[in-house]
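Colleague: Could you take me through one part of this model closely, namely the loop that carries the cis peptide bond and the cavity beside it, and then set that part against the helix packing and the pocket elsewhere in the chain?

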Amino acid sequence: MPGIPEIKLKAGREKSIRRRHPWVFSGAIAHVNGDPEAGSTVRVQSAAGEFLAYAAWSPASQIRARVWSFDEASTIDAAFIRHRVARAIELRRQLDLLDDTSACRLVFSESDGLPGLIVDRYRACLVCQFLSAGAEFWRDAMVSALDELLAPRAIYERSDASVRLKEGLELRNELLRGELPADPLEFTMNGVRQLVSIEQGQKTGGYLDQRVNRLRIAAYAAGASVLDAYSYSGGFALAALCHGASDANLIDSSADALRLAARQAELNGVVDRCQFTNANVPQELRRLRDAGKRYDLVVLDPPKFVSSAQQLQSGCRGYKDINMLGLQLLNPGGVLATFSCSGHVGAELFQKIVAGAAADVRCDTQIVERLSQAPDHPVALSFPEADYLCGLVVRLLP
Ligand code: SAH
């Protein structure tokens with residue numbers, strides 16, 4: 001691609017990009033030749049002038065450029081974007097996730113070679129987030145590619161995530177193409193009837209990364225009394241109840257989430273076995289523990305406690321605290337399914353935190369399963385940051 005602005009890296013700062021990591025930080029850049037527009041393509045060069053990558057320019061962000069391609073012969077244009085979108089859809093087709101009734105993540109940002117683009121599909125409706133200047137720049141091409149490749153009923157934009165502010169982009173929440181069906185939209189996941197509010201739900205409406213894990217915990221559900229802490233709309237509780245759990249207590253600080261959970265429970269004929277508790281989880285777990293309440297299956301699926309390296313210590317304390325409480329709320333022989341979606345907390349560290357919690361409450365435990373995000377949230381090997389979700393199924397030995 002001739003005639004495009006060039007950015008030259010400082011000497012010695014090309015190592016990560018040579019390993020195909022897709023980010024160029026502002027501190028690695030020595031000069032910019034030309035005046036690239038936000039989101040437009042720049043040519044990334046080493047200090048010696050060698051070609052390294054084509055990338056999208058993000059002038060407002062510390063991540064100053066995000067790589068589209070490491071191949072000098074590439075042309076970054078609408079056809080390139082369409083090809084990447086098609087490649088992402090192909091994986092979900094291979095995983096058999098494109099049926100008419102269910103939901104899946106269609107595009108997962110850097111891991112699908114489309115930095116900043118998230119697309120979730122709920123039946124025939126697509127929900128997009130454009131989270132970087134490059135994704136914003138190619139928004140029309142991305143939307144047209146999705147429209148042509150999948151002919152969805154609607155394409156909706158939920159770019160109301162605060163990371164857009166770091167890219168210098170305003171928040172947006174609007175219909176882009178087609179027409180949304182009645183809200184909430186019903187879909188099925190693991191045979192359970194679920195509801196999603198595309199316009200008002202958290203993130204794109206649902207937490208699709210937990211699809212496989214909900215099915216895994218259902219294996220421990222027969223006859224169990226369940227505590228679903230940080231339940232959102234109750235994905236874990238419903239999976240357990242539909243697989244024979246006796247009852248479930250769903251705790252969330254969002255009243256809207258619990259209203260949606262109640263409607264879902266009704267749809268699945270299990271609402272009589274549910275209790276909905278609108279509360280702050282650590283406080284409520286303490287109260288339940290002190291009241292002598294015990295469960296056979298406790299699920300802890302908190303929001304991200306660690307968003308930056310500075311929050312690591314306080315976040316780890318937060319994880320340890322709720323895991324101690326979770327273990328103390330188990331009946332002997334009971335199972336704790338515990339998660340972290342903080343990318344800064346790797347699986348090894350998370351295991352240490354949970355081990356610390358078990359040691360402090362003086363109980364014997366064993367790891368029965370290690371869990372991670374569903375396969376429609378793949379992890380590019382060059383981009384370990386995408387590997388954000390980890391979980392453990394821990395049994396309290398009787
Ligand atoms: N387990 C859910 C996803 C959980 S997302 C699922 O499978 O779909 C995290 C949830 O925690 C959100 O619903 C949010 O409203 C809730 N939350 C965040 N902080 C909380 C707190 N301190 N107490 C209770 N709920 C909280």
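Modeller: What follows begins with the loop and its cavity, then turns to another loop, a pocket and three helix pairs.

Please keep in mind throughout that this is a predicted model. The loop in question runs between strand E11 (172-178) and strand E12 (185-189), and Pro181 has its place there. Pro184 lies in the loop between E11 and E12 as well, and the peptide bond that joins Asp183 to Pro184 is cis, with omega at about -5 degrees. As background, most peptide bonds are trans, and most residues other than glycine have a negative phi.

What does Pro181 touch, if residues up to four places away in sequence are not counted? The partners of Pro181 on that basis are Cys125 and Arg153. A further relation is with Ile198, which is 17 residues from Pro181 in sequence, while the C-alpha atoms of Pro181 and Ile198 are 9.7 Å apart in space. Pro181 and Ile198 also both belong to the lining of the largest cavity, together with Leu180, Ala182, Asp183, Leu185 and Val196. Asp183 therefore has two roles in this account, since it is joined to Pro184 by the cis bond and is also a lining residue of the largest cavity, where the classes come to 6 nonpolar, no polar and 1 charged residues, and Asp counts as charged. The volume of this largest cavity is about 30 Å³, and the count of cavities of 30 Å³ or more comes to 1.

A second backbone detail concerns Arg123, which has its place in the loop between strand E8 (117-122) and strand E9 (125-130). The phi of Arg123 is near 50 degrees, a positive value in a residue other than glycine.

For an open site, one can turn to the second largest pocket, whose volume is about 290 Å³. Its lining is made up of 15 residues, and those that lie nearest the centre of the pocket are Phe70, Arg84, Arg87, Glu110 and Gly113. Two elements, strand E6 (63-69) and helix H2 (78-94), each give two or more residues to this lining, and E6 gives the most, with 3 residues. By class, the lining of the second largest pocket divides into 6 nonpolar, 4 polar and 5 charged residues.

The helix pairs remain. Two packed helices are described by the angle between their axes and the distance between the axes. Helix H6 (residues 211-218) packs on helix H7 (residues 235-242) at an angle of about 40 degrees, with the axes 8 Å apart, and that angle makes H6 oblique to H7. The crossing of H6 with H7 is right-handed, and the contact brings Asn213, Arg214, Ile217 and Ala218 of H6 against Gly235, Phe236, Ala239 and Ala240 of H7. The residues of this contact divide into 5 nonpolar, 2 polar and 1 charged.

Helix H10 (residues 312-328) takes part in two of the pairs described here. With helix H9 (residues 281-290), H10 packs at an angle of about 30 degrees, the axes being 10 Å apart, which makes H9 roughly parallel to H10. The crossing of H9 and H10 is left-handed, and in it Pro282, Leu285, Arg286 and Arg289 of H9 meet Asp321, Ile322, Leu325 and Gln328 of H10. The residues of the contact between H9 and H10 divide into 4 nonpolar, 1 polar and 3 charged.

With helix H11 (residues 347-360), H10 packs at an angle of about 50 degrees, with the axes 8 Å apart, and that makes H10 oblique to H11. The crossing of H10 and H11 is right-handed. On the side of H10 the contact is made by Leu312, Cys316, Tyr319, Lys320, Asn323, Met324 and Leu327, and on the side of H11 by Leu349, Phe350, Ile353, Val354, Gly356, Ala357, Ala358 and Asp360. The residues of this contact divide into 11 nonpolar, 2 polar and 2 charged.

Definitions and conventions
Residues numbered from 1 in each chain as written. Predicted model: local features only at pLDDT ≥ 70, side-chain atom pairs only at ≥ 80, totals over all residues. Heavy atoms only, no water. Axes fitted to C-alpha atoms, helices over the stretch in contact; angles between N-to-C directions. Helix = DSSP H or I, 4+ residues; strand = E, 2+ residues; numbered from the N terminus. Parallel < 35°, antiparallel > 145°, perpendicular 65-115°, else oblique. Left-handed = near helix turned anticlockwise from the far one by under 90°. Contact = heavy atoms within 4.5 Å. 1 Å grid on protein atoms, 1.4 Å probe; cavity = no way out; pocket = protein on both sides within 12 Å on 5 of 7 lines; lining within 4 Å. Points joined across faces, edges and corners; volume = space filled by probe spheres on them.
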